[in-house]
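User: Please take me through the reasoning behind the terms used for this structure.

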Amino acid sequence: MKKGKDILDHLRPEKINTPNKAFFEALATKVTDENPKPAVKIRLLPKIIGISFAAAAVLIIAVVLFKDFSQPVAKTKVEKALFADINNEEIYAYVDEHLDDFSIEEIEERFSSEELVYNDIESGLDLFSDISKDEIMDYIENENIDLDEFEDELLIF
Amino acid sequence: MKSEEELWVKQVVLGGPDAENAFKAISVRYGPKLYSQIFRIIQNEAISKDVLQNVFIKVWRNLSSFKQESNLYTWMYRIARNESLTTLASEAKRSHLSIETSVVQIIPGHNGLDTLTGNEIYHYLKEAIETLPEKQAMVFELKYFEDLKYSEISKLIGTSEGGLKASYHIAKEKITAFLKTRLNH
């Protein structure tokens, strides 16, 4: 064994006789002729679905971003029709009975939309005509309401 | 080379007359190297040509799925290797494979090789190559058997010459160790 040479140095790769260029061209032609390539399918349906989703997403984002939620929702014709046969007293009675079901904003909205405006202090006082001052004071005390916060508003007293 | 390859791939994927010309160009460029690679595994001319045809069919049909993360030759090499090994296994089972040509000749002077024929040592060498990771095997084949320069291999498979030298060195060491183990038993 010669020094410094490993096994691979004692092997000589034989030259492989590869076919000529014409062989590879002919083989390529044979392959393409015998295996027609399927036409490139333009997949319209996935594109349409994709575009639809994108459009829907843009629309939703636009609605969410540009809708002014601080404004009261305009009453629809359907809504107006539903309340057409109900007089205000019935509505007030219902609201009074289910007061806890409404937020202050909803009540304010409804009252303003019904053009119910307290124009004078007397109409406001009427609301408390059946409640004694002691009861009111007990309520204030129980609810830990700080009267100083309402110094400009305590007109009823 | 890469941009030319990309154009060919694009043309084949799009179809039409350009596709056939592009595929022909790919076949002429890489066909000889793939044939040699296949022949070294199969060692039979007729079967090697059949295998090459199957490789071309797979390339033609599946080029649209080629993601171009590697060079085209690397992708085709992988197909050719798998196709060759699969064919070799099935042909060996049916005992149809006749070895026609020796791929290596022994240069006298190595004690361990004196009692072996070229085909016997090549059988071990093939086994050793099959144990290598794909890239090392590819680099080893292109350098050892095809005697390509590193610069040529670099263009072919898109790896730096330094990386190729390292791969070849590691591959040689692994193969030598494998052969020594085989020869000592």
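Analyst: The questions below concern a predicted model, and each answer sets a value against a definition.

User: How many residues make up the contact between chain A and chain B, and what makes two residues count as touching?
Analyst: Chain A contributes 25 residues and chain B contributes 38 residues. Two residues count as being in contact if their C-beta atoms lie within 7 Å. On the side of chain A that touches chain B, β1 (11-13) and α1 (21-34) each supply at least two residues. The most comes from α1(A), with eight residues. By class, that side of chain A has 13 nonpolar, five polar and seven charged residues.

User: What makes β1(A) and β1(B) a pair of strands?
Analyst: Pairing requires at least two bridges between the strands. β1(A) and strand β1 of chain B (residues 104-106) have three bridges, in the antiparallel sense. The two strands therefore satisfy the definition of a pair. Within this pairing, Leu11(A) has Ile106(B) as its bridge partner.

User: Why is α1(A) called oblique to α2(B)?
Analyst: α1(A) packs against helix α2 of chain B (residues 17-42) at an angle of about 140°, and the axes are 9 Å apart. Angles over 145 degrees count as roughly antiparallel and those from 65 to 115 as roughly perpendicular. The angle of about 140° falls in neither range, so α1(A) is oblique to α2(B). The crossing of α1(A) past α2(B) is right-handed. Among the residues that meet there are Phe24(A) and Leu27(A) in α1(A), and Phe23(B) and Val28(B) in α2(B). The residues of this contact comprise five nonpolar, four polar and four charged.

User: Why are α6(B) and α8(B) described as roughly perpendicular?
Analyst: The axes of α6(B) (residues 134-145) and α8(B) (residues 161-183) cross at roughly 95° and come within 9 Å. Angles of 65 to 115 degrees count as roughly perpendicular, and the description of α6(B) and α8(B) therefore follows. Val139(B) and Phe140(B) are among the residues of α6(B) in this contact, and Leu164(B) and Ile170(B) among those of α8(B). By class, the contact has six nonpolar, two polar and two charged residues.

User: How do you know that α7(A) is hardly covered?
Analyst: A residue is buried if 20 or more other C-beta atoms lie within 10 Å of its own. Helix α7 of chain A (residues 133-142) has 10 residues, and the count of buried residues among them is zero. The helix is therefore described as hardly covered. After α7(A) comes Asn144(A), with a positive phi near 55°.

Note on methods:
Residues numbered from 1 in each chain as written. Chains lettered and ligands numbered in written order. Predicted model: local features only at pLDDT ≥ 70, side-chain atom pairs only at ≥ 80, totals over all residues. Helix = DSSP H or I, 4+ residues; strand = E, 2+ residues; numbered from the N terminus. Nonpolar A, V, L, I, M, F, W, Y, C, P; charged D, E, K, R; others polar. Axes fitted to C-alpha atoms, helices over the stretch in contact; angles between N-to-C directions. Parallel < 35°, antiparallel > 145°, perpendicular 65-115°, else oblique. Left-handed = near helix turned anticlockwise from the far one by under 90°. Buried ≥ 20, exposed ≤ 12 C-beta atoms within 10 Å, placed from the backbone.
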